[in-house]
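Reader: I have a protein model open and would like to go through it step by step. May I ask some short questions as we look at it?

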Amino acid sequence: MRAFIVDRYGKSGNTLRAGDVPEPEVGEHDVLVQIHAAGVNALDAKIRDGEFKLVLPYRPPFVLGNDVAGVVIRIGAGVRKFKPGDEVYARPDKDRIGTFAELISVNEDDLALKPKRLTMEEAAAVPLVGLTAWQALVEIAGLRKGQKVFIHAGAGGVGTFAIQLAKHLGATVATTTSAANVDLVKRLGADVVIDYRKDDFETVLHDYDVVLNSLDNETLKKSLRVLKPGGKLISISGPPDPAFAGEIGKPWILRPITRVLSHRIRKAARRRQVSYSFLFMRASGKQLSEITSLIDAAIITPVLDRIFPFESTNEAMAYVQTGRARGKVVVKVK
Ligand SMILES: NC(=O)c1ccc[n+]([C@@H]2O[C@H](COP(=O)([O-])OP(=O)(O)OC[C@H]3O[C@@H](n4cnc5c(N)ncnc54)[C@H](OP(=O)(O)O)[C@@H]3O)[C@@H](O)[C@H]2O)c1
């Protein structure tokens with residue numbers, strides 16, 4: 001089958017090779033999906049460039065891609081939840097990526113039925129960012145009606161989804177964006193919109209319950225100051241904390257490193273009586289099914305910026321890397 005392959009880890013500017021690879025094997029609890037569309041994430045370029053080698057030690061050559069929407073064409077003997085012909089979507093498990101291809105074999109626990117309301121391209125835009133927003137706002141933050149949440153970078157893949165989810169949970173939502181995307185984030189439900197090129201969020205926002213950070217370290221530190229005591233600072237852009245070392249199954253190697261990396265922010269958080277957690281999202285078909293329900297009820301609608309043809313997967317990745325995408329970028333495979 002055709003696929004986009006990482007031949008070796010390299011510096012930024014490295015591109016994927018389009019080539020032929022063997023069809024994936026289908027284990028007892030696996031579902032073979034014919035890929036119709038694959039979402040592109042900032043994570044893809046980071047993996048390609050070797051930034052995640054310690055945490056996700058894929059051995060080149062390997063097929064890249066972390067989001068899929070497609071049709072079930074075969075199932076393993078133990079699969080109970082899906083059958084050939086089902087339209088599905090997923091963020092496959094981190095150890096079984098490879099959606100920039102014609103086929104992928106996914107464990108049935110990581111898969112969900114695709115929202116009926118969406119096209120394949122729209123569905124492929126959802127899993128990784130949708131699960132990230134869900135795990136940050138529902139699982140870690142336990143966001144409730146009446147609380148205030150500040151979501152950085154509201155116009156991005158994670159931001160456009162997280163704003164809609166936070167509104168559904170009944171929170172007041174503040175976000176940052178450039179002037180060009182103010183209308184977009186307002187349409188998604190943001191109550192307070194800060195143009196980060198003009199205004200400093202720290203002077204506008206006070207006594208927030210939750211901050212979802214996806215930007216740099218300086219922004220993370222400043223974010224502490226908009227929280228009220230007891231508030232929660234959740235970061236998806238680092239630094240990783242010691243709990244993450246355990247979650248990823250490498251406590252002995254990563255715990256000492258993550259302890260050092262996150263020492264400052266954890267100490268600063270304690271001083272302000274707020275908590276700090278790093279989130280590295282994980283695959284979950286169960287949570288994705290809940291997201292399917294919200295999408296089919298028209299509570300959440302993915303925001304698509306551009307759809308690239310499969311042959312232009314490298315161009316799609318380069319576009320995401322500009323950091324200017326409005327919502328999601330997707331590759332149409334079939
Ligand atoms: N740990 C995890 O599990 C996890 C999961 C998902 C994503 N992430 C990480 O989270 C980050 C965001 O992911 P994403 O998919 O949302 O990225 P993205 O879609 O590529 O983000 C692009 C958006 O960021 C906005 N932006 C850029 N600089 C900004 C700034 N200084 N202030 C406010 N907005 C800014 C841009 O809006 P304007 O053009 O208006 O500036 C653009 O719409 C990435 O680093 C990604 O790797 C981590």
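Reader: What distance separates the centres of domain 1 and domain 2?

Author: This is a predicted model. In it, the centres of domain 1 and domain 2, taken over C-alpha atoms, are separated by 26 Å.

Reader: How many residues does each domain give to the contact?

Author: Domain 1 supplies 15 residues to the contact, and domain 2 supplies 19 residues.

Reader: Where are the bounds of the two domains?

Author: Domain 1 consists of 2–120 + 303–332, whereas domain 2 covers 128–278.

Reader: Let us turn to the ligand. Which residues come nearest to the ligand?

Author: There are 23 residues around the ligand, and G157, S178, Y196, M281 and A325 come nearest of these.

Reader: Which polar atoms of S178 and M281 lie by an oxygen atom of the ligand, side-chain or backbone?

Author: For S178, a polar side-chain atom lies 2.6 Å from an oxygen atom of the ligand. For M281, a polar backbone atom is 2.7 Å from an oxygen atom of the ligand. In addition, T177 has a polar side-chain atom 3.3 Å from a ligand oxygen atom.

Reader: And how much of the ligand's accessible area does the protein cover?

Author: On its own, the ligand has 930 Å² of accessible area, and the protein covers 84% of that.

Reader: Which elements give two or more residues to the shell around the ligand?

Author: These elements are α1 (42–48), α3 (127–140), α4 (157–168) and β10 (172–177). The shell draws at least three residues from each of domain 1 and domain 2. By class, the shell has 12 nonpolar, nine polar and two charged residues.

Reader: A new topic, then: where are the cis peptide bonds you can point to?

Author: One cis peptide bond runs from P60 to P61, with omega near 0 degrees, and P61 lies in the loop between α1 and β4. Another joins G238 and P239, with omega about 0 degrees; P239 is in the loop between β13 and α8.

Reader: Why point these out?

Author: They are pointed out because most peptide bonds are trans. Q273, which is not a glycine, has a positive phi of about 55 degrees. Q273 sits in the loop between α10 and β14.

Reader: Lastly, what is the mean pLDDT of the protein, and which element has the lowest?

Author: The mean pLDDT of the protein is 97, and 99% of its residues reach 70 or more. Among the elements, helix α9 has the lowest mean pLDDT, 91, and strand β6 has the highest, 99.

Methods:
Residues are numbered from 1 along each chain as its sequence is written. This is a predicted model: local features need pLDDT of at least 70, side-chain atom pairs count only at pLDDT 80 or more; totals for chains, interfaces and linings use all residues. Side-chain values use heavy atoms; hydrogens and water are left out. A residue is near a molecule or strand if one of its heavy atoms lies within 4 Å of it. A polar contact is a pair of N or O atoms within 3.5 Å; within protein, one must be able to donate a hydrogen and the other to accept it, and residues adjacent in sequence count only if both atoms are side-chain atoms. Accessible areas come from the Shrake-Rupley method with a 1.4 Å probe; for residues, only the protein chains shown count as cover. Helices (H or I, at least four residues) and strands (E, at least two) are DSSP runs, numbered from the N terminus. Ala, Val, Leu, Ile, Met, Phe, Trp, Tyr, Cys and Pro count as nonpolar, Asp, Glu, Lys and Arg as charged, and the others, Gly among them, as polar. Domain bounds come from an automatic or database domain assignment. pLDDT is the predictor's confidence in each residue, from 0 to 100. Contact means heavy atoms within 4.5 Å.
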